[in-house]
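This report describes the fold, the nonpolar packing and the charged pairs of one protein chain. The sequence and the structure are shown first.

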Amino acid sequence: MSTLTVEPVDASTRLNKNYSTVFEFEKSFNYKEQITWFENNWTLSFTCCAVYVVVIFGLQTWMQNRPRYNLQYALTAWSLMLAMFSWICALRLIADCYFFVSQYGWKASMCDPVFYKGVSGFWCWLFVLSKLPELGDTIFIVLRKQRLIFLHWYHHITVLLYSWYSYSHYIAPGRYFILINACVHAIMYTYYAIRASKIARIPSWINISITSIQIIQMIVGCWVNIYAYMLLRRGEHCSTTQDNIKYASLMYFSYFMLFAHFFYKTYINRDMPKKIHKE
């Protein structure tokens, strides 16, 4: 069995030098402390999800005989805040991933959990934490009396559970899960902010493109898991586990099926004009 391709301390130091600016809060990030916290507390995500389900469906019942709330400015501010965070996170992680792959190769990027440290470590940690406040997206849907589909709340719950569970296990392929999701969210929340603000009319091809990107994200997620599994089967020393690969594969495949079904029902099946209009 081969050893890790990269010596973690040396690699994280070199990766930080790749950034033109490294802020003090990034430099002083204590990843071991945060990993310990998630080891001891990741099961709190189940409690958060239970509260989330009670709140959103309780609110939905409460709103049945009440007029919808407009919430234009609140939703614009909320979406803009998440868009800005996602863009910063994506740009920091893209630079890290590009440098790492160019220096150490593709396999090392799949097997070495160096991204837990330094600049990338700080933003990955924030990304994992952000899965909790992102549950607030659903509150806006319910209060504005929009259609709440299974895909929406299922996606929020499973991403939160998986992210908090995986963070404390040094899951190296998580580099790509976080990077791609941050990029997709940067685009998605920017779109939500523009749509909520009503400063411009958004053509339908933008909606189609965003859903297509989300489907591609799920295909890439499935492929990353297959590749990681192949590495483990060959006896490579890869920082992941077969259990984690199983959970991630089930999650990404279910997302692929649900997003593909949503794409078909919304953009291909033209027998649903009213539902498309409501979206």
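In what order do the elements of the protein run from the N terminus on? The order is α-α-α-α-α-α-α-α-α-α-α-α-α, and the secondary structure amounts to 13 helices and zero strands. The model under discussion is predicted.

**Overall packing**

The protein has 279 residues, of which 49% count as buried. Among contacts between residues at least 6 apart in sequence, 86% join residues at least 24 apart. The accessible surface is about 14600 Å², and carbon and sulfur atoms account for 65% of that area.

**Nonpolar cores**

In soluble globular proteins, nonpolar side chains tend to be buried together. In this model the largest nonpolar core contains 63 residues. Cys89, Leu93, Met110, Trp123, Tyr167 and Tyr255 have the most contacts inside this core. Helix α9 (residues 150-167) supplies the largest share of the core, ten residues. A second, separate core has eight residues, among them Trp78, Ala83, Phe140 and Tyr189.

The surroundings of Tyr167 can be listed in detail. Leaving aside residues up to four places away in sequence, Tyr167 touches Phe29, Gln34, Ile35, Phe38, Tyr116, Gly121, Trp125 and Val128.

**Salt bridges**

A search of the whole structure finds five salt bridges. Three of them are listed below with the separation of their N and O atoms.

| Pair | N to O distance |
|---|---|
| Arg92 and Glu26 | 2.7 Å |
| Asp96 and Arg175 | 2.8 Å |
| Lys131 and Glu134 | 3.0 Å |

The salt bridge between Arg92 and Glu26 ties together parts that are 66 residues apart in sequence, because Arg92 lies in helix α5 (residues 72-104) and Glu26 in helix α2 (residues 24-27). Arg92 has a relative accessibility of 14% and therefore counts as buried. Glu26, at 1% relative accessibility, also counts as buried.

Helix α5 also contributes Asp96, whose partner Arg175 lies in helix α10 (residues 174-197), so this pair links parts 79 residues apart in sequence. Are these two partners buried or exposed? Asp96 is buried, with a relative accessible area of 3%, and Arg175 is buried with a relative accessible area of 3%. In the pair formed by Lys131 and Glu134, both residues are buried.

How values were computed:
Residues are numbered from 1 along each chain as its sequence is written. This is a predicted model: local features need pLDDT of at least 70, side-chain atom pairs count only at pLDDT 80 or more; totals for chains, interfaces and linings use all residues. Side-chain values use heavy atoms; hydrogens and water are left out. A nonpolar core is a set of buried Ala, Val, Leu, Ile, Met, Phe, Trp, Tyr and Cys residues joined through side-chain atoms within 4.5 Å. Buried means under 20% relative accessible area, exposed over 50%, partly exposed in between (1.4 Å probe, protein chains only). Helices (H or I, at least four residues) and strands (E, at least two) are DSSP runs, numbered from the N terminus. Contact means heavy atoms within 4.5 Å. A salt bridge is a side-chain nitrogen of Lys or Arg within 4 Å of a carboxyl oxygen of Asp or Glu. Accessible areas come from the Shrake-Rupley method with a 1.4 Å probe; for residues, only the protein chains shown count as cover.
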